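Here are my notes on the model you asked about. Have the 3D view open as you go through the points.

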Amino acid sequence: MLSFLRFLSEKDATVVFTSEGSAEAPDEDLQFLADGIIHMKFTGRDRRINVIKFRGADFVQDVHTLRISDKGLSVYPNLDPEAHKRKFEYECLSSGVSEIDTLMNGGLERGTITIITGPTGSGKSTLGMQFMKSAAGRGERSVALCVEENSETMLKRCEAVNIPVRQMMEQKNLSVLDIEPLKYAPGEFAHMIRREVEEEDARIVMLDSIEGYSMSLRGESLHFHIHSLSKYLANMGVTVLLVDEVENVTGDFRATEVGISYIADNVVFLRYLEIRGEIKKAIGVLKKRLSDFENTLRELEITPYGIKVGNPLTNLHGILSGTPWWRNYSDKE
């Protein structure tokens, strides 16, 4: 084999040869002879490709998604956040609801990562879409990635609470994408988002939800992929909204179920309350890296006229423990 390859190289031929190496029949001797090695693997659901040797030059040392279709071969590299940066100003983006803006000291800063967390049905997606509604009023484009529920369901829910999503889509201020997590590998998912940001100039991206996105990882690290995706978007000046569902409807407070709050600049949480036999909702801010915020909770209502937020619940105690109780203050206190 060495003599054959030397003969071909002396004839100025570029040689490409294939080998099916395995534990039973290793091909380290052939790898030693080669100037470059491209390793391909089929996991049973996805194809992966990576360069492990390229003599005389540098190369990206990472494993990428490979698709083979009737259109040919497509490679989707893993995101390197530091390779993508864009200048922008950390201006504050209003939600369009004055009480929410007061709670968040003006709103969410551009280029920040926000986790919206809460139990099922508490209004996490609706809150995210409210920021997109406000962005559309400024003429900015947003993208909602529906990983869990069908996009048509989301559109109907938003229209029922006075968020004109179809009008926003007609005006090119909103894109709602159906994502089947079992169909897309992380590299393909990132490629789709990059196209929305770099070609369509999306300024807000909402991932709904983190749990649904994790299904596309096929056992790979959620922290690695969600970190690289979020940091890429933040470096590009995109405001990131990550929807995270916690399992407990009541009981002790938990910020997230997947332990990724470290990457968030802001954490906004929604809670259910039982007050005088009625189920209520509350909204609060747990973390805001770039500014101060209101340290109280406010009652949240989702009505046919939009999101309504009440005054601070200063007399309500024990909310985070799941067993709230009212305290009546006297005039002397």
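1. A word on terms before anything else: helices (H or I, at least four residues) and strands (E, at least two) are DSSP runs, and their numbers count from the N terminus. Please keep in mind that this is a predicted model.

2. With those labels in hand, take the second largest cavity. Which elements each supply at least two residues of its lining? They are strand S10 (202–208), H9 and strand S11 (239–245). The space inside comes to about 50 Å³. Around it sit Leu145, Ile193, Val205, Met206, Leu207, Leu229, Ser230, Leu233, Val240, Leu241 and Leu242. Sorted by class, that lining has 10 nonpolar residues, 1 polar residue and no charged ones.

3. Now the largest cavity. The structure holds 4 cavities of 30 Å³ or more, and the largest has about 90 Å³ of space. Its lining is made up of Asn78, Leu79, Pro186, Gly187, Phe189, Ala190, Tyr213, Phe224, His225, Ser228 and Leu229. Helix H7 (186–198) and helix H9 (222–235) are the elements that give two or more residues to this lining. The class count here is 7 nonpolar and 4 polar, with no charged residues. Leu229 is worth clicking on, since that residue lines the largest cavity and also appears in the lining of the second largest.

4. On to the open spaces. The largest pocket has a volume of about 1000 Å³. It is lined by 29 residues, and Phe17, Ala34, Gly36, Ile37 and Ile38 are the closest to its centre. Helix H1 (2–10), helix H2 (28–33), S1 and S2 each put at least two residues into the lining. S1 has the largest share, with 5 residues. By class, you get 14 nonpolar, 9 polar and 6 charged residues.

5. What about the second largest pocket? The space there is about 260 Å³. Of its 16 lining residues, Gly121, Lys124, Ser125, Glu149 and Arg157 are the closest to the centre. Helix H4 (124–137) and S11 each supply at least two residues, and H4 gives the most, with 3. The lining divides into 2 nonpolar, 7 polar and 7 charged residues. S11 should look familiar, as that strand also supplies at least two residues to the lining of the second largest cavity.

6. The sheet that S1 and S2 belong to deserves a look of its own. In what order do its 4 strands run? The order is S1-S2-S3-S4, in an open sheet with antiparallel pairing. Strand S1 (36–42) and S4 are at the edges with a single partner strand each, so one side of each has no neighbour in the sheet. On average, neighbouring strands are turned by 30° against each other, direction ignored.

7. Here is how the strands line up in detail. Strand S2 (residues 47–54) and strand S3 (residues 64–69) pair in the antiparallel sense over 3 bridges. Across that pairing, Arg48 stands opposite Thr65 in S3, and Ile49 stands opposite His64. S3 also pairs with strand S4 (residues 72–76), again in the antiparallel sense, this time over 5 bridges. S3 and S4 form a hairpin, with 2 residues between them. Thr65 is a handy residue to centre on: besides facing Arg48, it has Tyr76 in S4 as a bridge partner.

8. Last, the cysteines, in case you are thinking about disulfides. How many does the structure hold? The count is 0. Cys158 is in no disulfide, and the nearest cysteine sulfur, that of Cys146, is 8.5 Å away; the cut-off for a disulfide is a pair of cysteine sulfur atoms within 2.5 Å. Is Cys158 buried or exposed? Its relative accessibility is 1%, so Cys158 counts as buried, buried being under 20% relative accessible area. Cys92, on the other hand, is partly exposed, with a relative accessible area of 37%.

Note on methods:
Residues numbered from 1 in each chain as written. Predicted model: local features only at pLDDT ≥ 70, side-chain atom pairs only at ≥ 80, totals over all residues. Heavy atoms only, no water. 1 Å grid on protein atoms, 1.4 Å probe; cavity = no way out; pocket = protein on both sides within 12 Å on 5 of 7 lines; lining within 4 Å. Points joined across faces, edges and corners; volume = space filled by probe spheres on them. Nonpolar A, V, L, I, M, F, W, Y, C, P; charged D, E, K, R; others polar. Buried < 20%, exposed > 50% of the residue type's maximum accessible area, 1.4 Å probe, protein only. Pairing = 2+ DSSP bridges. Axes fitted to C-alpha atoms, helices over the stretch in contact; angles between N-to-C directions.
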